[in-house]
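Q: I have a model open and want to go through it piece by piece. Can we start with the basics and then move to the details?

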Amino acid sequence: MGIAVDIVKTLGTFTLKTDFSSRGRRLGILGASGCGKSMTLKCIAGIEKPDRGKIVQDDRVLFDSRRRINIKPQKRKVGYMFQNYALFPTMTVAQNVASGLGGPHAETTGRVEEMLSKFKLAGLSERYPDELSGGQQQRTAMARIMAYEPDMILLDEPFSALDVFLKDQMERELEEMLDDYAGMMIMVSHSRDEIFRFCDDVLVLKDGAVSIHKAAADLFDDPVTKEASILTGCKNYSAIQVLDEHTFRCTDWGGAAMHVSRRIPPYADCIGYRAHHFEPVWGEREENCIKVALSRVSVLPFEKEYYFLPRSMQPACGDDEVSCDGACTTISWFVQQKEAGQLNEKGIPDYLKLREDKILFLKS
């Protein structure tokens, strides 16, 4: 099981130049809008034809410009779910599910009934797409894909059109479906949570090219580049001045000095720090601390987000509360509501401490 892609595709002023191979069962493609994620899926599915290159799935050549091989989409045994599901509006649910099947009528009917039951659509078989909810449309699209038993499933932002409650429900249903699916799945998303939940390996695309390819867990623990860390949800960044192999200053955070036992990577010119990893310190400064002053607080349903300014960068006003007006580097700290008791008792901390094992050394 696996796939190897090495293609070039130019569309207008944008050029996709994707080169990767994966032997995993669950591959995610993460990247900002317009980086080439969906174009990559469409080339694999055969919907778009690359200008040149090669696509091989499990030793089966799907596309090879040099050998003039370009297998038609319907012959690739690849199931593709579009963002809008692409159901046929004039067909019923049952007809949509049957649309990709061939063979004898009785066999097709049996397979459709099996898929309608599996995806909880039996009572909706005669309805049309515009009579379905978003979740029902997605289940219909998945039933249509799985009906012809594809070797590979391509999911293009599969949850982008769903509300929060339905999204969670559909994610759980997709997980159950994938447990029974032996083929390969490739998911395109801009959501770090979806990628982490569904994928073993992750590609990060930047400007049409693969910038990072690693295991999903490793990407979150060590994203290497600032752009990749942003995609994984990191909120705090500072440029650094490296003083020696183990010491650096956070130049955007008031010049606070930090010391680490591991060696600072030679590529690092900044650090990232996730908002929920800070530790509050009151009184005397401890090692690896930033002196801070409160800017503002946002109250969320299950947590509070505190925005601080490094004390040396604060405007000329009181120590208790400052305003930034977008002119200073802010620091974001997430505190769960159930963990806020210490703050209620002691007040706003004097310092935020960085745990060495949570510091992300990055290349900007």
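The chat below goes through confidence, overall make-up, cores, pockets and a few single residues.

Q: What kind of model is this, and how are residues numbered?
A: This is a predicted model, where local features need pLDDT of at least 70, side-chain atom pairs count only at pLDDT 80 or more, and totals for chains, interfaces and linings use all residues. Residues are numbered from 1 along each chain as its sequence is written, and side-chain values use heavy atoms, with hydrogens and water left out.

Q: What is the mean pLDDT of the protein?
A: The mean is 88, and 94% of the residues reach 70 or more. pLDDT is the predictor's confidence in each residue, from 0 to 100.

Q: Which elements have the lowest and highest mean pLDDT?
A: Helix α5 (residues 164–179) has the lowest, at 78, and strand β21 (residues 360–362) has the highest, at 98. Over residues 313–327 the pLDDT is below 50, yet beyond near neighbours in sequence this stretch has 26 contacts in the model. Contact means heavy atoms within 4.5 Å.

Q: How many helices and strands are there?
A: The protein has nine helices and 21 strands. These are DSSP runs numbered from the N terminus: helices are H or I, at least four residues, and strands are E, at least two.

Q: And the overall dimensions?
A: The C-alpha trace spans about 80 × 50 × 35 Å along its principal axes. Of the 364 residues, 48% count as buried. Buried means under 20% relative accessible area, exposed over 50%, and partly exposed in between (1.4 Å probe, protein chains only). Among contacts between residues at least 6 apart in sequence, 65% join residues at least 24 apart.

Q: OK, the interior. Which residues touch the most other members of the largest nonpolar core?
A: Met142, Met146 and Leu174 do, in a core of 42 residues. Helix α4 (residues 134–147) supplies the largest share of this core, six residues. A nonpolar core here is a set of buried Ala, Val, Leu, Ile, Met, Phe, Trp, Tyr and Cys residues joined through side-chain atoms within 4.5 Å.

Q: What does Met142 touch?
A: Not counting residues up to four places away in sequence, Met142 touches Met81, Phe119, Leu155, Leu174 and Met177. Apart from this core lies another, of 26 residues, including Cys250, Trp253, Ile264 and Ala268.

Q: Pockets next. How much space lies in the largest pocket?
A: About 480 Å³. Of the 16 residues that line the largest pocket, Gln74, Val78, Tyr80, Arg144 and Tyr148 are the closest to its centre. A pocket is an open set of points on a 1 Å grid over the protein atoms alone, where a 1.4 Å probe fits, with protein on both sides within 12 Å along at least five of seven lines; lining residues have an atom within 4 Å of a point. Grid points are joined across faces, edges and corners, and the volume is the space filled by probe spheres set on the points.

Q: How does that lining divide by class?
A: Into eleven nonpolar, three polar and two charged residues. Here Ala, Val, Leu, Ile, Met, Phe, Trp, Tyr, Cys and Pro count as nonpolar, Asp, Glu, Lys and Arg as charged, and the others, Gly among them, as polar. β7 (78–81) and α4 each supply at least two lining residues.

Q: And the second largest pocket?
A: Its volume is about 230 Å³. Of its 15 lining residues, Lys118, Phe119, Glu173, Leu174 and Met177 are the closest to the centre. α5 gives the most to this lining, with five residues. By class there are eight nonpolar, one polar and six charged residues.

Q: Back to Tyr148. Where is it?
A: Tyr148 is in the loop between α4 and β8 (152–156). Leaving aside neighbours within four places in sequence, Tyr148 is in contact with Lys77, Val78, Gly79, Tyr80, Gly100 and Leu101.

Q: Why does Tyr148 count as partly exposed?
A: Because its relative accessible area is 27%.

Q: Is Gln57 buried or exposed?
A: Gln57 is buried, with a relative accessible area of 4%. Gln57 is in strand β4 (residues 52–57).

Q: Last one: what about helix α1?
A: Helix α1 (residues 37–45) is mostly covered, with eight of its nine residues buried. Just after α1, Gly46 takes a positive phi of about 90°.
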